[in-house]
Amino acid sequence: MAESLPADVADVLDAVLATDDPVHLALRRQLPHLRVRERCTCGCGTAYFDVDTNAAARAPVDAGTVVAAEATLVTESGECPGEVLVFTQGGFLSWLEVCSWSDGDPVTLASARRWLRARNEGSA
């Protein structure tokens with residue numbers, strides 16, 4: 001199923017789930033069993049997932065809807081225009097939300113990807 005995961009979604013999930021937290025580790029193991037079911041039509045890049053729950057193990061989170069990971073986005077100039085949230089339902093990846101905090105330039109998955117890469121390269 002991994003071939004169904006677009007590169008932009010995969011990159012952002014990798015960046016946001018890049019810790020040794022047991023929940024993040026379990027969610028990363030779900031990625032090969034994940035596909036994008038649909039995307040938000042506004043252009044933000046929010047993606048809704050289907051997971052092969054027969055092949056993937058449940059992450060150790062509450063059974064309801066949970067924000068399992070989040071990343072505040074910081075631009076090159078130090079502004080914080082938004083965030084990326086990773087939601088689970090029943091312990092399985094459910095959707096990746098791209099949030100803008102102002103009415104200015106909207107945050108997109110492409111810009112989130114760029115800022116997360118810069119953050120991760122800066123901490124390496």
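Student: What makes up the lining of the largest pocket when its residues are sorted by class?

Tutor: The lining has 5 nonpolar, 4 polar and 2 charged residues, where Ala, Val, Leu, Ile, Met, Phe, Trp, Tyr, Cys and Pro count as nonpolar, Asp, Glu, Lys and Arg as charged, and the others, Gly among them, as polar. The residues that line the pocket are Thr75, Glu79, Cys80, Pro81, Ser102, Gly104, Asp105, Pro106, Val107, Ser111 and Trp115. This is a predicted model, in which local features need pLDDT of at least 70 and side-chain atom pairs count only at pLDDT 80 or more, while totals for chains, interfaces and linings use all residues. Residues are numbered from 1 along each chain as its sequence is written, and side-chain values use heavy atoms, with hydrogens and water left out.

Student: What makes a space a pocket, and how much space lies in the largest one?

Tutor: On a 1 Å grid over the protein atoms alone, a pocket is an open set of points where a 1.4 Å probe fits, with protein on both sides within 12 Å along at least five of seven lines, and a lining residue has an atom within 4 Å of a point. The largest pocket holds about 150 Å³, a volume being the space filled by probe spheres set on the points, which are joined across faces, edges and corners.

Student: Why does Thr88 count as buried?

Tutor: Thr88 has 0% relative accessibility, and buried means under 20% relative accessible area, with exposed over 50% and partly exposed in between (1.4 Å probe, protein chains only), so Thr88 counts as buried. Thr88 lies in strand β4, residues 82-89, where strands (E, at least two residues) and helices (H or I, at least four) are DSSP runs numbered from the N terminus. Contact means heavy atoms within 4.5 Å, and, leaving aside residues up to four places away in sequence, Thr88 touches Leu27, Val61, Gly64, Thr65, Val66, Ala68, Leu93 and Ser94.

Student: Why is Phe87, also in strand β4, called buried?

Tutor: Phe87 counts as buried because its relative accessibility is 13%. Beyond its neighbours within four places in sequence, Phe87 is in contact with residues including Thr65, Val66, Val67 and Trp95. The C-alpha atoms of Phe87 and Thr65 are separated by 6.7 Å, although the two residues stand 22 apart along the chain.

Student: How do you know that β4 and β5 pair?

Tutor: Two strands pair if DSSP finds at least two bridges between them, and β4 and β5 are joined by 8 bridges in the antiparallel sense. Val84, for example, has Val98 in β5 as its bridge partner. The hairpin of these strands has 2 residues between them, and Gly90 there takes a positive phi near 65°. Strand β2, residues 47-51, runs antiparallel to β5 and is joined to it by 2 bridges, with Leu96 in β5 as the bridge partner of Ala47.

Student: Why is strand β5 described as largely enclosed?

Tutor: Strand β5 covers residues 92-100, and 7 of these 9 residues are buried, so the strand is largely enclosed by the rest of the structure.

Student: What makes a group of residues a nonpolar core, and which members of the largest one touch the most others?

Tutor: A nonpolar core is a set of buried Ala, Val, Leu, Ile, Met, Phe, Trp, Tyr and Cys residues joined through side-chain atoms within 4.5 Å. The largest core here has 35 residues, of which Val9, Leu13, Val16, Leu34, Phe49, Leu93 and Leu96 touch the most other members. The largest share of this core, 5 residues, comes from α1. Leu96, aside from its neighbours within four places in sequence, is in contact with residues including Val9, Leu13, Phe49 and Val84.

Student: Why do Asp8 and Asp11 fall into their accessibility classes?

Tutor: Asp8, in helix α1, counts as buried because its relative accessibility is 19%, whereas Asp11, also found in helix α1, stands at 26% and therefore counts as partly exposed. With residues up to four places away left out, Asp8 is in contact with Arg39, Leu109 and Arg113, while Asp11 touches Arg113 and Arg117.

Student: Why are Asp20 and Pro60 called exposed?

Tutor: Asp20, in the loop between α1 and α2, has a relative accessible area of 66% and is therefore exposed. Pro60, in the loop between β2 and β3, is exposed because its value is 53%. Pro60 still has contacts beyond four places in sequence, namely with Pro22, Val23 and Ala26.
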